[in-house]
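Subject: Structure handover and what was found in it

Dear colleague,

Please find the structure below, together with its sequence. My notes follow it, arranged by region, and I would be glad if you read them with the coordinates open.

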Amino acid sequence: DVVPDIETYQKATSACSRSGKWEAALVVLKCAIQEGLANGETYGIGMMACASADGWRQALSMLYGIDNCGIPKIEKDLLSYGVAVFGCERGGAWQWCLSLLGEMQSGQLQPDAVTYAC
């Protein structure tokens with residue numbers, strides 16, 4: 001029997017993301033969280049799956065729900081905001097992009113060149 005670990009869940013979530021299956025990526029992420037086998041990187045992969053496809057609203061929801069996601073020691077950071085900005089840009093939600101950039105700056109997170117490139 002194969003016993004999944006954090007890396008197994010990350011690779012499965014990433015595979016779903018690469019194939020544009022953001023809903024499936026979230027199912028895998030949910031399983032990982034329930035098994036206690038998710039970390040910030042796993043969550044970020046799930047967010048990117050949403051942001052890269054048509055799930056920009058879900059990526060935003062994940063950003064704002066990060067404190068209650070069930071993963072210990074995870075918080076909003078430059079990466080999670082950057083993924084949300086990327087998703088909003090892809091979804092044509094430029095007002096959200098501007099709002100997120102302002103929120104980052106007011107929260108003492110300095111957007112980097114990658115975030116501004118979105």
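I begin at the start of α1, where a side-chain oxygen of D5 comes to within 3.2 Å of the backbone nitrogen of E7. Please keep in mind throughout that this is a predicted model, and that every value quoted here is computed from it.

Helix α1

The helix α1 is made of 13 residues and spans 18 Å from its first C-alpha to its last, which is close to the 18 Å expected at 1.5 Å a residue. Its buried residues are Y9, Q10, T13, C16 and S17, and because these fall within an arc of 125° when one looks down the axis of α1, they line one face of the helix. On the face turned away from that buried side, α1 carries the exposed residues K11 and R18, while the cover over its buried residues includes α2 and α3. Just after α1, the residue G20 adopts a positive phi of about 80°.

One buried position in this helix deserves a separate remark, since its side chain is polar in its contacts: Q10, which lies in α1, has a relative accessibility of 11% and therefore counts as buried, the limit being under 20%. The side chain of Q10 makes a polar contact with the side chain of T42, at 3.1 Å. If neighbours within four places in sequence are left aside, Q10 is in contact with N39, E41, T42 and I45.

Salt bridges

How many salt bridges does the structure hold? There are 2, and they are placed in rather separate settings, which I take in turn.

In one of them, K11 pairs with E7, with the closest N and O atoms 3.8 Å apart. Both residues belong to helix α1, and because they are 4 residues apart there, about one helical turn separates K11 from E7. K11 is exposed, at a relative accessible area of 53%, whereas E7, at 47% relative accessibility, counts as partly exposed.

In the other, E103 pairs with K76, and the closest N and O atoms are 4.0 Å apart. This pair links distant parts of the chain, given that E103 is in helix α6 and K76 is in the loop between α4 and α5, 27 residues apart. E103 is partly exposed, with a relative accessible area of 23%, and K76, at 26% relative accessibility, is likewise counted as partly exposed.

The nonpolar core

The largest nonpolar core contains 33 residues, of which Y43, M47, M62, C88 and L100 touch the most other members. At least two residues of this core are supplied by each of α1 (6-18), α2 (22-34), α3 (40-52), α4 (56-64), α5 (78-90) and α6 (94-106), and the largest share, 6 residues, comes from α2. As for Y43, once residues up to four places away in sequence are not counted, it touches L29, M62, G65, I66, C69, I71 and I74; M62, which is one of the residues touching the most other core members, is thus also among the contacts of Y43.

Helices α5 and α6

In helix α5 one finds R90, whose C-alpha atom is separated by 7.7 Å from that of W56, although the two residues are 34 residues apart along the chain. Apart from neighbours within four places in sequence, R90 is in contact with A51, S52 and A53.

Helix α6, in which E103 is also found, has 13 residues and reaches 19 Å from its first C-alpha to its last, close to the 18 Å expected at 1.5 Å a residue. Which residues of α6 are buried? They are C97, L100, L101 and M104, and because they cover an arc of only 100° around the axis, they sit on the same side of α6. The face turned away from this buried side carries the exposed residues L98 and S106. After α6 comes Q108, which has a positive phi near 70°.

With kind regards

Technical notes
Residues numbered from 1 in each chain as written. Heavy atoms only, no water. Core = buried A, V, L, I, M, F, W, Y, C linked by side-chain atoms within 4.5 Å. Buried < 20%, exposed > 50% of the residue type's maximum accessible area, 1.4 Å probe, protein only. Contact = heavy atoms within 4.5 Å. Salt bridge = Lys/Arg side-chain N within 4 Å of Asp/Glu carboxyl O. Expected span 1.5 Å × (residues − 1). Arc of directions from axis to C-beta. Polar contact = N/O pair within 3.5 Å; in protein donor to acceptor, adjacent residues only side chain to side chain.
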